[in-house]
Amino acid sequence: MGRAIEVSGLAKSFAKKKSVGEMLRHPLRRPERVHALRGVSLEVREGEIFGLLGPNGAGKTTLLKILSCLILPDRGQARVAGESIAHEDRVKPKIGLVNSDERSFYWRLSGRENLDFFACLYDVPARATARRIETLLRRLDLLEDAERRFSDYSSGMKQRLAIARALLHDPPLLLMDEPTRSLDPAAARALRRLVKDELNRRDGKTILLATHNLREAEVLCDRIAILVRGKVRQVGTVAEVRRWGIRQRRFRLEVSAWPPGLAGPFEVIAVEPADGGQRVTLALDGRARLDDALRVILGSGVALQSCESVEPDLEEAFARILEAEDEEEPRA
């Protein structure tokens, strides 16, 4: 499998805006720099949905803007679809950028007119423009509203039109910046189905998705990277990232009754009531064996109804990564 995106050592900082008072008191002082990216390196494989996760201000949008050739990095290298981002004319035809910035559309124009305008900017052949727009409007369920002004569109319709715009020139790679932000649950669910089932699975498009919605990342992404304060902290499948920092394995048991004070090669995390009995969560460290734990439990007379492994939670893993970051690099 080839690599759709290759990023090595990307760094980017911005001048911090000075207040009027600061400019009057220190007119010649150089402004402080805000570091958005600090040596980011990662790879996105062809045909996968790769998630960029991180809190607000982690650098996700800055990275997408660099890959879209909208801003230049201070240092580092990046290749998109085999082309260096230094060659903007070669990169832009291969990418489609989807963001939630409604200001980039013309509010007084209809949905169809907006697409017609952007098709000219994207160098879509004139003879193919009308057919391409018609296809995209139908596919994104906007055909009936194509003649309505953009200002009258709902949030979900605006976001679908943003995807249609990104697909006008049929690029192999989509860069999506929080595409479900501000959408209601039903609209967000429909958009996620579109991204995974049609754009990725059916059309085979590679998708780089920036989001801080952990549930969205679990549903959509093949692999994810956790970005914190401009640095990549973890990369892997959702399952791999979930297990980061875990030294114990957890199991959930359904029992008729749990004897108070029962001890063994395990730690009792919780004992809760369940239908007709109790639900017990146990933790075993890396050296403990489940067989040994069950032998102790059954030997105490516990009637065991079921036992299942408990998968680590992505939200908990995310919290562990942020906690480790705070310990490693405390805020000034």
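In this predicted model, the largest cavity has a volume of about 40 Å³. A single cavity of 30 Å³ or more is counted in the structure. The lining of the largest cavity is formed by Asn-99, Ser-100, Asp-101, Glu-102 and Phe-105, together with Lys-158, Gln-159, Ala-162 and Arg-165. When these lining residues are sorted by class, four are charged, three are polar and two are nonpolar.

Arg-165, one of the residues that line the largest cavity, also takes part in the contact between helices α4 and α6. The axes of α4, which spans residues 111-121, and of α6, which spans residues 155-166, come within 10 Å and cross at roughly 25°. Since angles under 35 degrees count as roughly parallel, α4 and α6 are therefore described as roughly parallel to each other. The crossing in which α4 passes α6 is right-handed. On the α4 side the contact involves Gly-111, Asn-114, Leu-115 and Phe-118, and these residues meet Leu-161, Ala-164 and Arg-165 of α6. The contact of α4 with α6 comprises four nonpolar residues, two polar residues and one charged residue.

Helix α4 also packs against helix α5, which covers residues 126-139, and the axes of α4 and α5 come within 10 Å and cross at roughly 130°. This angle makes α4 oblique to α5. As α4 passes α5, the crossing is right-handed. In this contact, Arg-112, Leu-115, Asp-116 and Ala-119 are contributed by α4, whereas Thr-129, Ile-133, Glu-134 and Leu-137 are contributed by α5. By class, the residues of the contact of α4 with α5 divide into four nonpolar, three charged and one polar. Leu-115 of α4 thus appears in the contact with α5 and is also listed in the contact with α6.

Elsewhere in the model, the second largest pocket encloses about 340 Å³ of space. This pocket is lined by 15 residues, of which Ile-246, Gln-248, Arg-250, Val-310 and Pro-312 are the closest to its centre. Two or more residues of the lining of the second largest pocket come from each of the elements β11 (248-255), β14 (304-310) and α11 (314-328). Among the contributing elements, β11 gives the most to this lining, with four residues. By class, the lining of the second largest pocket contains nine charged, three polar and three nonpolar residues.

Notes. Residues are numbered from 1 along each chain as its sequence is written. This is a predicted model: local features need pLDDT of at least 70, side-chain atom pairs count only at pLDDT 80 or more; totals for chains, interfaces and linings use all residues. Side-chain values use heavy atoms; hydrogens and water are left out. Axes are lines fitted to C-alpha atoms, for helices over the stretch in contact, and angles run from 0 to 180 degrees between N-to-C directions. Angles under 35 degrees count as roughly parallel, over 145 as roughly antiparallel, 65 to 115 as roughly perpendicular and the rest as oblique. A crossing is left-handed if the near helix is turned anticlockwise from the far one by less than a right angle, and right-handed if clockwise. Contact means heavy atoms within 4.5 Å. Ala, Val, Leu, Ile, Met, Phe, Trp, Tyr, Cys and Pro count as nonpolar, Asp, Glu, Lys and Arg as charged, and the others, Gly among them, as polar. On a 1 Å grid over the protein atoms alone, a cavity is a set of points where a 1.4 Å probe fits but cannot get out, and a pocket is an open set with protein on both sides within 12 Å along at least five of seven lines; lining residues have an atom within 4 Å of a point. Grid points are joined across faces, edges and corners, and a volume is the space filled by probe spheres set on the points.
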